[in-house]
Amino acid sequence: MGSSRTTVSRRPMARRTVLAALGAAGTALLASGSTWARAAAQMLEALPGKRALRRLTHRPPNYETPLEYFRSVLTPNEAFFVRYHHAVIPQIEAAEFRLEVAGAALERPLTLTLAQLRAEFPPVELVAVCQCSGNRRGLFEPPVPGLQWGHGAMGNARWRGVRLADVLARAGLRSGAVEIAFDAADAAPLEGTPDYIKSLPLGKALHPDTLLAYEMSGAPLPELNGHPLRLVVPGWTATYWIKHVTRIEVLNTPASGFWMAGAYRMPRAVFPLVERFPSQEVGERAPVTEIAINSLITDVSAAGDGRVVVHGITWDAGHGIDRVDLSF
């Protein structure tokens, strides 16, 4: 879906074939017989500031983008998917926002306002895909646990903010820094629920495309997509794209909370693909990191001359897509 880091190809493809047969195939592709697809049309609901999205859960809010919004390269802000683990969603006025930068492996703790981030650091803008680690989970056979996402737990936007590396440089990293952890203002309604804290390896945190973003496709971040500040980690799944980020902690030991040590892990034999997270690879399981190469058919239509035109998108973690093959 596009940028310097996340590659997209969007092109029409056509082959001569039997119209009726391929039309039936296209219908199956766009509205499969899975439990998710049959129920999807019955779950449309509009949240404040959003168009009607497909609802998975209301509390916490988890809503996916309908297929038709992927027919353009950028996903409209008002149609961008919504993903939360916790149900207490903050409402933060931009003027009252504070970002705390601290930690054992830091030289100078900082507290920054949004106005300071805008005025005192060079702005950076890039296009990148934000995709939930569980996208398409609801299409698995046999079913697997977790939110039963269809195709729409993703979106592509133009993000504007400041480099995380620039903020960390001002604070000063000590030589013992291992990971950079992020906490946010959203919270669980029940005591004892693990706080949603994620960390990045030092190399990924210092990558020039890793941003603290305050704008999304030319507008302030929507409330349900992280206002007023969120982490943007191009090429990696959205589990690391912390919304409403209020605290950055520089760690001299690997993060050990539930959302790092327990959740979002896969067998090391199959993951990660290229970019690893060495300090979090323990035993036979490794953390989910980068976005796998993927594709999606967004439209199948008759061309009027016996052909069928198939439109689609393809994207990856930013390593580059060589070609797109279409199978009949």
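**Close-up views of a predicted model**

**View 1. Ser72, a loop residue and its surroundings.** Ser72 comes out as partly exposed, at 37% relative accessible area. This is a predicted model, and that goes for every view that follows. The loop that holds Ser72 runs between β4 (62-64) and β5 (98-102). For a partner, look to Leu74: its backbone oxygen sits 3.0 Å from a polar atom of the Ser72 side chain. Asn156 is worth showing here too, since 84 residues of sequence separate Ser72 from Asn156, while their C-alpha atoms are 9.5 Å apart in space.

**View 2. The whole chain, for orientation.** Before zooming in further, here is the overall picture. The protein chain has 6 helices and 18 strands. It counts 328 residues, and 49% of them are buried. Among contacts with a separation of 6 or more, 67% are between residues 24 or more positions apart. As for the surface, about 14,700 Å² is exposed, with carbon and sulfur atoms supplying 54% of that area.

**View 3. Inside the largest nonpolar core.** In soluble globular proteins, nonpolar side chains tend to be buried together. Here the largest nonpolar core takes in 61 residues. Which of them touch the most other members? Those are Val101, Leu117, Trp159, Phe182, Leu212, Leu229 and Ile248. Strand β11 (residues 211-216) is the top contributor to this core, giving 5 residues.

**View 4. Leu212 and what it touches.** Leu212 is one of the core residues that touch the most other members, so it gets a panel to itself. Setting aside residues up to four places away in sequence, Leu212 touches Leu99, Gly161, Val162, Leu164 and Val167, and also Leu229, Arg230, Leu231, Val245 and Ile248. Two names on that contact list, Leu229 and Ile248, also turn up among the core residues that touch the most other members.

**View 5. Gln131, a polar side chain under cover.** Buried or exposed: where does Gln131 fall? Gln131 counts as buried because its relative accessibility is 8%, and the cut-off is under 20%. Gln131 belongs to strand β7 (residues 123-131). Its side chain makes a polar contact of 2.7 Å with the side chain of Trp315. Once the neighbours within four places in sequence are left aside, Gln131 is in contact with Ala153, Met154, Thr237, Ala238, Ile291 and Trp315.

**View 6. Cys130 and Cys132, two cysteines without a bond.** How many disulfides does the structure hold? The count is 0. Cys130 takes part in no disulfide, and the nearest cysteine sulfur to its own belongs to Cys132, 8.5 Å away. Seen from the other side, the closest cysteine sulfur to that of Cys132 is in Cys130, and the 8.5 Å between them is too far for a bond, because a disulfide calls for sulfur atoms within 2.5 Å. Cys130 is buried, at 2% relative accessible area. Cys132 is buried as well, at 4% relative accessibility.

**View 7. Glu45 and Arg55, a salt bridge from strand to strand.** The structure holds 13 salt bridges, and this is one of them: the side chains of Glu45 and Arg55 meet at 2.9 Å, N to O. Glu45 lies in strand β2 (residues 44-46) and Arg55 in strand β3 (residues 52-57), with the two 10 residues apart. Glu45 is partly exposed at 24% relative accessibility, and Arg55 is partly exposed at 29%.

**View 8. Lys204 and Glu275, a salt bridge between a helix and a loop.** In this pair the closest N and O atoms are 3.3 Å apart. Lys204 sits in helix α5 (residues 202-205), whereas Glu275 is in the loop between β15 (265-267) and β16 (285-287), so the salt bridge ties together parts that are 71 residues apart in sequence. Lys204 itself is buried, with a relative accessible area of 6%.

**View 9. Glu249 and Arg247, part of a network.** The salt bridge between Glu249 and Arg247 has its closest N and O atoms 3.7 Å apart. Who else is in the network? Glu100 joins Arg247 and Glu249 through salt bridges that share partners. Glu249 is partly exposed at 28% relative accessible area, and Arg247 is partly exposed at 24% relative accessibility.

Conventions. Residues are numbered from 1 along each chain as its sequence is written. This is a predicted model: local features need pLDDT of at least 70, side-chain atom pairs count only at pLDDT 80 or more; totals for chains, interfaces and linings use all residues. Side-chain values use heavy atoms; hydrogens and water are left out. A nonpolar core is a set of buried Ala, Val, Leu, Ile, Met, Phe, Trp, Tyr and Cys residues joined through side-chain atoms within 4.5 Å. Buried means under 20% relative accessible area, exposed over 50%, partly exposed in between (1.4 Å probe, protein chains only). Helices (H or I, at least four residues) and strands (E, at least two) are DSSP runs, numbered from the N terminus. Contact means heavy atoms within 4.5 Å. A polar contact is a pair of N or O atoms within 3.5 Å; within protein, one must be able to donate a hydrogen and the other to accept it, and residues adjacent in sequence count only if both atoms are side-chain atoms. Accessible areas come from the Shrake-Rupley method with a 1.4 Å probe; for residues, only the protein chains shown count as cover. A salt bridge is a side-chain nitrogen of Lys or Arg within 4 Å of a carboxyl oxygen of Asp or Glu.
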